[in-house]
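Visitor: I would like to take a close look at a single part of this molecule, and I am still new to reading structures. Could you choose one strand and take me through its surroundings with care?

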Amino acid sequence: SLLSLAVLTGAGAILGGCSADERQSALTFTNRLRIPPPAAPVTDPDGAKRFTLTLQTGSTEFRPGTVTAGTWGVNGSYLGPAVRANRGDRVRMSVVNRLPEATTLHWHGMRLPAKMDGGPHQMIEPGTTWTPEWTVDQPAATSWFHPHPHGKTAMHVYRGLAGLFLIDDPDGPRLPSAYGVDDIPLIVQDKEIDSDGELETGGVDRGTFGLLGSTILINGTYDPVLPVSTSLVRFRLLNASNTRVYRIGFADGRRFDVIAGDAGLLDRPATVDRVKISPGERVEIVARFFPGETVVLDSRGEPRRTANDIEEDDFHLLEIVAAAQLTPSPAPPATLGGPGRATTPPGARVRRFSLSGSEINGRDMDMSRIDEVVPAGAVEIWEIDNTTYAHNFHIHEVSFRILDIDGSPPPPYQAGPKDTVFLPKNANARLLVHFGPHTDPLTPYMYHCHLLRHEDKGMMGQFVVVGPGTEHLVPRNLP
Ligand code: C2O
Ligand code: CU
């Protein structure tokens with residue numbers, strides 16, 4: 001295939017027996033980047049694609065020769081397969097819980113009925129199977145899935161429960177799309193793994209931010225290297241870390257094109273040298289490579305750092321080794337088909353959310369309280385005002401666009417469809433939120449901070465989507 005194995009074995013050989021200092025200047029990336037295997041659906045008699053996702057415990061060899069116990073995964077010991085569906089497909093999931101405790105599986109970014117959402121109300125007891133189904137009806141996007149049990153999400157995600165859910169649109173623009181060849185997912189996570197390979201979990205559900213790990217895994221790969229064989233490569237970045245925020249770019253400063261955010265394509269490529277990505281967010285980029293070169297993808301903190309900043313550490317993420325001859329890729333289209341910059345619609349309903357240390361509008365999450373009632377199909381402005389240290393804000397079911405952050409329009413690469421927004425210390429954001437058609441007055445969707453320690457501490461609220469005109473009939477307390 002792509003890889004000259006010599007690159008890998010050679011890198012290993014360079015490492016053998018050199019000092020820590022030499023190691024810094026030599027190749028330090030030694031493990032071939034894992035690509036999450038595509039999930040294989042079966043087609044049910046009614047045409048639905050059925051995926052079986054088994055949540056299980058296991059052990060994982062992150063570093064060659066060192067086994068880390070206590071990892072959890074989906075159809076494997078760590079992370080999960082890439083689920084993939086076309087816009088218009090009917091999908092049916094069999095989520096089998098083989099864990100020692102109850103959990104859920106939430107489809108982050110998916111627009112679907114609340115009962116299928118996999119939030120904290122859709123618990124799956126050990127030894128049981130949950131079978132949600134829905135019709136995929138939304139633009140192409142890089143979505144994902146992860147557990148959402150109230151108070152335990154941080155630990156379940158940290159142990160490894162997460163996976164990609166790729167939505168394709170057969171009518172979309174022509175982009176690099178050979179999965180694992182020039183279309184590469186990069187699931188970025190930080191862990192604390194000691195020299196014996198032990199996964200440290202002590203800090204995950206403690207302190208202000210939970211655990212900030214010093215080891216970065218990409219797709220569950222430690223020190224990853226990726227051989228590439230085409231001149232353009234699309235990377236789908238997913239921040240599946242509990243808390244860390246990354247500012248991702250190339251160590252040599254080369255520029256690249258952002259083509260999509262969380263919930264779909266931009267209107268046109270946005271050229272940048274860094275993208276900031278907080279937990280739960282996705283950014284798709286297209287980068288250019290030259291024959292025979294070696295390039296490092298890394299994360300660097302903001303040049304001017306602020307107190308309580310959670311992005312200040314610098315990390316190498318991935319080494320990319322270009323083949324001596326690269327297959328030329330067609331240029332990406334000048335327009336991508338996504339919506340242009342959002343403008344404020346006159347008369348839209350405004351809701352305000354104030355974020356403090358671990359509360360929203362002064363309240364902790366209460367599973368029996370409905371905080372907001374929204375008419376189906378509404379377009380609203382949600383104003384998020386962060387009064388403390390860094391947070392972010394994710395809304396289930398919807399797609400939104402950032403109108404402004406601290407009064408200024410977002411950078412073009414963040415102006416497209418999204419479902420999660422980063423709020424630095426004391427920042428405020430105005431979001432233009434598009435709600436879907438699925439009504440259910442008794443089953444809420446969530447909005448919350450996606451720093452998982454904060455979510456678990458109660459920085460979450462609940463909304464229901466109901467038939468327009470029936471808002472006043474909706475009970476504010478669930479039975
Ligand atoms: Cu990615 Cu409510 O979560
Ligand atoms: Cu937060």
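Guide: What follows is a walk around one strand, with a few words on the model beforehand and on another sheet afterwards.

This is a predicted model, in which local features need a pLDDT of at least 70 and side-chain atom pairs count only at pLDDT 80 or more, while totals for chains, interfaces and linings use all residues. Residues are numbered from 1 along each chain as its sequence is written, and chains are lettered from A and ligands numbered from 1 in the order in which they are written. The pLDDT, which is the predictor's confidence in each residue on a scale from 0 to 100, averages 93 over the chain, and 93% of the residues score at least 70. Over residues 1-27, however, the pLDDT is below 50, and beyond near neighbours in sequence this stretch has 26 contacts in the model, a contact being two residues whose C-beta atoms, placed from the backbone, lie within 7 Å.

The strand to study is β27, residues 391-395, where a strand is a DSSP run of E with at least two residues and a helix is a run of H or I with at least four, both numbered from the N terminus. Because 5 of the 5 residues of β27 are buried, the strand is largely enclosed by the rest of the structure; buried means that 20 or more other C-beta atoms, placed from the backbone, lie within 10 Å of the residue's own, against 12 or fewer for exposed and partly exposed in between. Both faces are covered, with H391, F393 and I395 on one side and N392 and H394 on the other.

In general, strands of a sheet pair through backbone hydrogen bonds, either parallel or antiparallel, and two strands count as paired here if DSSP finds at least two bridges between them. With strand β29, residues 420-423, β27 pairs in the antiparallel sense over 4 bridges, and F393 has V421 of β29 as its bridge partner. With strand β31, residues 445-448, the pairing of β27 is also antiparallel, over 2 bridges, and here I395 has Y447 as its bridge partner.

Elsewhere, an open sheet of 7 strands with mixed pairing runs in the order β14-β13-β12-β16-β21-β18-β19. Its edges are β14 (221-222) and β19 (264-272), each with a single partner strand, so one side of each is left without a neighbour in the sheet. Strand β13, residues 215-218, pairs with β14 in the antiparallel sense over 2 bridges, and the bridge partner of I218 in β14 is T221.
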